[in-house]
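Q: Before we look at any single feature, could you take me through how a model of this kind is read?
A: Gladly; we will take one feature at a time, with the general idea first and the case at hand after.

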Amino acid sequence: MQIVEHSRNVHKYVKGFLTILLILFYSSVFSQTKIDEAKRKQFYEQWKIYSLDITKAEECGKKMLQLSQDDYERSLSYNLLAEKLLADLNYVKSIEFLEKAQVFSKNIDSTQQYMRVTGTLISAYRKAGLILESDKNWELFQKLSENLPESSRDVNLLFIRAHMFDVDKNHCSSANTREKFMNVAGKMLGEGPAKNTFVFAIMVQIVYDQIKCGKISEAKKSMLITEENLKNIDQTKNVMMSEFYLLDKALFAVLDKNKEAAKKLFDSAYAQSLKVNTISIQKIILEERLDADIDNAEDQLKFAKLLNTIMNKEVTSTKKITSVETNKALRL
């Protein structure tokens, strides 16, 4: 079984907890060229480092690309680098790397890797506003999934569909789809730290979507599950999606009209997003803080400037990728 990643608007992120599943279940596919086993060992050591800490995507991706010896490894390396670029809103370079990774994945006998790349492309195209290209890859993704066992097929389709709803800001559908995903995928993990991390990472997103959907009572119940799993995670290390958890708590504080608590939680969420360097999540946190209207005029202006910087970067990136894709279509 495999899970195809891409991160919620996440993200980048979204990408990390699925990697935990992928590292457990992926099957290696090698080319027919002579393999340097020492380099191969170093390659998968870097892959393991990334799997345990997705903030190292760029660092590990570069090293993996240098160590790559076949199309499977090249595809995986470019996919890793693209995930980081996507989280940084660099749509041009991210899509360039993903398209390279997809070409490499076509040359290997690994439906798993082909789906991983295609799944990330669906999210990248959609975030860049290239809906037609995103939908085409969604059709390809569904076709590729037909080669998987039913349980694996369902978990992959649900995961990607949830991310599509995320980008479209269809929070109600995203929450419902992600709940189904968690129920199916969670059964495959058994019990232990990996499952606690997985459930926590999924639940923080479900809580957020339920709040945005107006299902507050359901969001509170989901938060209880989230915090129960957090108790069983080693919090001395970087907890995946912790900034989103803090954002959820900030939104609950806003609902409770506790402005001071909300401010502190928003501050913590933003600080954590800076620590793990996820611009896409920083954007969400700043948007939610401004929408909450809990700050004085001076602080609102400060946060608005930070958000405006991110928005300008995203607009510029979107214009660039639209131009690149248009020129590409004209050359065909």
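A: Let us begin with burial, where a residue is called buried if its relative accessible area is under 20%, exposed if over 50%, and partly exposed in between. Keep in mind throughout that this is a predicted model.

Q: With that cut-off in hand, which residues of helix α3 are buried?
A: The buried residues of α3 are R40, F43, Y44, Q46, W47, Y50 and S51. Because these residues cover an arc of only 150° around the axis, they lie on the same side of α3. The face turned away from that buried side carries K41, K48 and L52, which are exposed.

Q: What does the length of α3 say when it is set against the expected span?
A: The expected span follows from a rise of 1.5 Å a residue, which for the 16 residues of α3 (residues 37–52) gives 22 Å; the end C-alpha atoms are 23 Å apart, and so the two values agree. At the start of α3, one can also look for a side chain that reaches the backbone, and here a side-chain oxygen of D36 comes to within 3.0 Å of the backbone nitrogen of A38.

Q: How many helices and strands does the chain have, and what share of its residues is buried?
A: The chain has 16 helices and 0 strands, and buried residues make up 55% of its 332 residues. Its accessible surface comes to about 15000 Å², with 52% of that belonging to carbon and sulfur atoms.

Q: How many residues of α15 are buried?
A: Helix α15 is mostly covered, since 11 of its 14 residues are buried. Among them are I279, I281, I284, I285 and L286, but the buried set also includes K283, E288 and R289. In length, α15 (residues 279–292) reaches 20 Å from its first C-alpha to its last, close to the 20 Å expected at 1.5 Å a residue. The helix is followed by D293, whose phi is positive, near 55°.

Q: Where else is phi positive in a residue other than glycine?
A: One case is L89, with phi near 65°; this residue is found in the loop between α5 (71–87) and α6 (91–106), and at 2% relative accessibility L89 counts as buried. Another is M241, which has a positive phi of about 70° although it is not a glycine. M241 is placed in the loop between α12 and α13, and at 0% relative accessibility it too counts as buried.

Q: Which residues touch the most other members of the largest nonpolar core?
A: The idea of such a core is a set of buried nonpolar residues joined through side-chain atoms within 4.5 Å. In the largest core, which has 67 residues, I95, F244, L247 and F266 touch the most other members. Apart from it lies another core, of 21 residues, which includes M115, V155, L158 and I206.

Q: How many salt bridges does the structure hold, and how should I read one within a helix?
A: A salt bridge is counted when a side-chain nitrogen of Lys or Arg lies within 4 Å of a carboxyl oxygen of Asp or Glu, and the structure holds 21 of them. K62 and E58 form one, with their closest N and O atoms 3.5 Å apart. Because the two residues are 4 apart in helix α4 (residues 57–67), about one helical turn separates them. Both ends are partly exposed, K62 at 47% relative accessibility and E58 at 38%.

Q: What about salt bridges between parts that are further along the chain?
A: R126 forms a salt bridge with D168, the closest N and O atoms being 3.1 Å apart. R126 lies in helix α7 (residues 111–127) and D168 in the loop between α9 (150–167) and α10 (171–186), so this pair ties together parts that are 42 residues apart in sequence. Here R126 is buried, with a relative accessible area of 10%, whereas D168 is partly exposed at 38%.
A: The side chains of E227 and K249 also meet in a salt bridge (3.5 Å, N to O). This pair links helix α12 (residues 216–230), which holds E227, to helix α13 (residues 242–255), which holds K249, the two residues being 22 apart. E227 is partly exposed, with a relative accessible area of 26%, and K249 is likewise partly exposed, at 29%.

Q: Which residues are linked in a network of salt bridges?
A: R40, D70 and E73 are linked in such a network, and R40 is one of the buried residues of α3 with which we began.

Terms used:
Residues numbered from 1 in each chain as written. Predicted model: local features only at pLDDT ≥ 70, side-chain atom pairs only at ≥ 80, totals over all residues. Heavy atoms only, no water. Buried < 20%, exposed > 50% of the residue type's maximum accessible area, 1.4 Å probe, protein only. Areas by Shrake-Rupley, 256 points an atom, 1.4 Å probe, with all protein chains shown as cover. Expected span 1.5 Å × (residues − 1). Arc of directions from axis to C-beta. Polar contact = N/O pair within 3.5 Å; in protein donor to acceptor, adjacent residues only side chain to side chain.
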